[in-house]
Amino acid sequence: MESQKIKKTYVTAGDVIFNVLNYSFFIVFTLMCIFPFYYLFINTISGNDLVNQGVINFYPRKIHLDNYLRIVTSNKDLLMALLVTISRTILGTSLMVMASGFIGYLMTKQEMWARKFWYRFLIITMYFNAGIIPAFMTMQMLGLTNNYLVYIIPGIVAPYNIILVKTYIESIPAELEESASIDGASYWIIFSRIIWPLCKPILATIAIFGAVGNWNSFQDSLIFMQAKPTLFTLQHRLWNYLNTSTNLAAQMSAGTTVISDALREQLSSQKVIKYTISMVTAIPILVVYPFMSKYFEKGIMLGAVKG
């Protein structure tokens, strides 16, 4: 029996320097990405007087959770905005994932009537957009302005996500469908019992896309909910607080507004609240993404294998 030769790997000085520089760069880059969230968090749990003085930079002081409790208990507008954002994220993402899965599966069927036409029609919508005003007029004619459904219906059909699902399904061996078809399974049975379970990675991927998009959505609330403040999203409320605090600060700096104790307290409160809302809007995505990342990486790679 021949003796196995052990291959030795030699590490040169250049390799060591490269690894040190490489790891150092990514460590610094990671800290730069994390620090803004850390800064927001320590300011939301520190004493409000210290936050208003701008002395909370690296570690919290006078730790408390009153700001988060105040959002939940005392501010009904913020609580309603939070509920609207959570509900639209769950409902909108769920319907989008189901529609993307089913339509993506249909687009793989050669026997589908006018399949090429509908697929090309779907792709065209990714590149042509009429603009904000026609979109507003369309939603108004459909009765969706100042209506909760404007958050849900327009996002159900997502062309890019459908293309990802279609490409992923085409990578599944056709023999699985053929054997089920021979046994008498219908398209719905094949889709629900074979295709859907096998599509979990790509479905998780588009679910992340949809959840992040719905959670961070701002423009639709700003444009379509002008007469319905109770349906404002959390991002819209944050934008309002940012505008209010910015305008107050500008007026005070220009000397056009008398600096009363009430005005100063309002500005200070706005600053703390916008920090807290910013943190609330970021926490869910930061918590969910690590658990979905393995599906995201696998799904996005497999979904992009074919053109």
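**Close-up 1. Cysteine 199 is buried in this predicted model.** Its relative accessible area is 2%. Buried means under 20%, so cysteine 199 falls in that class. Cysteine 33 is partly exposed, with a relative accessible area of 39%. That value lies between the 20% and 50% limits, which means neither buried nor exposed applies to cysteine 33. A search of the whole structure finds zero disulfides. A disulfide would be a covalent bond between the sulfur atoms of two cysteines.

**Close-up 2. Phenylalanine 35 and tyrosine 38 pair within helix α1.** The whole structure holds 18 aromatic pairs according to the search. In the pair of phenylalanine 35 and tyrosine 38, the ring centres are 6.3 Å apart and the planes meet at 45°. The pair is tilted, because its angle is neither under 30 degrees nor over 60. Helix α1 spans residues 13-44. The two residues sit three positions apart in it, about one turn of the helix. Phenylalanine 35 is partly exposed at 35% relative accessibility. Tyrosine 38 is also partly exposed, at 33%.

**Close-up 3. Phenylalanine 218 and tryptophan 239 form a tilted pair.** Their ring centres lie 5.6 Å apart, with 55° between the planes. The pair links distant parts of the chain, 21 residues apart. Phenylalanine 218 is in the loop between α10 (200-216) and α11 (219-224). Tryptophan 239 belongs to helix α12 (residues 234-254). Phenylalanine 218 is partly exposed, with a relative accessible area of 25%. Tryptophan 239 is partly exposed too, at 33% relative accessibility.

**Close-up 4. A nonpolar patch on the surface includes Phe35 and Tyr38.** Ile34, Phe58 and Tyr59 are also members of this patch. Together the residues have about 540 Å² of accessible area. Isoleucine 34 lies in helix α1, as do phenylalanine 35 and tyrosine 38. Isoleucine 34 is partly exposed, at 47% relative accessibility. Patch residues need over 30% relative accessible area, so isoleucine 34 meets that cut-off.

**Close-up 5. Five aromatic residues, Phe102, Tyr105, Trp188, Phe191 and Trp196, form one cluster.** Two of its members are phenylalanines, Phe102 and Phe191. Trp188 and Trp196 are the tryptophans, and Tyr105 is the tyrosine.

**Close-up 6. A lysine sits over a tyrosine ring.** The ring is that of tyrosine 119, and the charged end above it belongs to lysine 166. The distance from that charged end to the ring centre is 4.7 Å.

Note on methods. Residues are numbered from 1 along each chain as its sequence is written. This is a predicted model: local features need pLDDT of at least 70, side-chain atom pairs count only at pLDDT 80 or more; totals for chains, interfaces and linings use all residues. Side-chain values use heavy atoms; hydrogens and water are left out. Rings of Phe, Tyr and Trp (its six-membered ring) pair if their centres lie within 6.5 Å; planes under 30 degrees apart count as stacked, over 60 as edge-to-face and the rest as tilted. Helices (H or I, at least four residues) and strands (E, at least two) are DSSP runs, numbered from the N terminus. Buried means under 20% relative accessible area, exposed over 50%, partly exposed in between (1.4 Å probe, protein chains only). A charge sits over a ring if NZ of Lys or CZ of Arg is within 6 Å of the ring centre and within 35 degrees of the ring normal. Patches are made of residues with over 30% relative accessible area and no salt bridge: like charges are joined within 9 Å, nonpolar side chains (Val, Leu, Ile, Met, Phe, Trp, Tyr) within 5 Å. Accessible areas come from the Shrake-Rupley method with a 1.4 Å probe; for residues, only the protein chains shown count as cover. A salt bridge is a side-chain nitrogen of Lys or Arg within 4 Å of a carboxyl oxygen of Asp or Glu. A disulfide is a pair of cysteine sulfur atoms within 2.5 Å.
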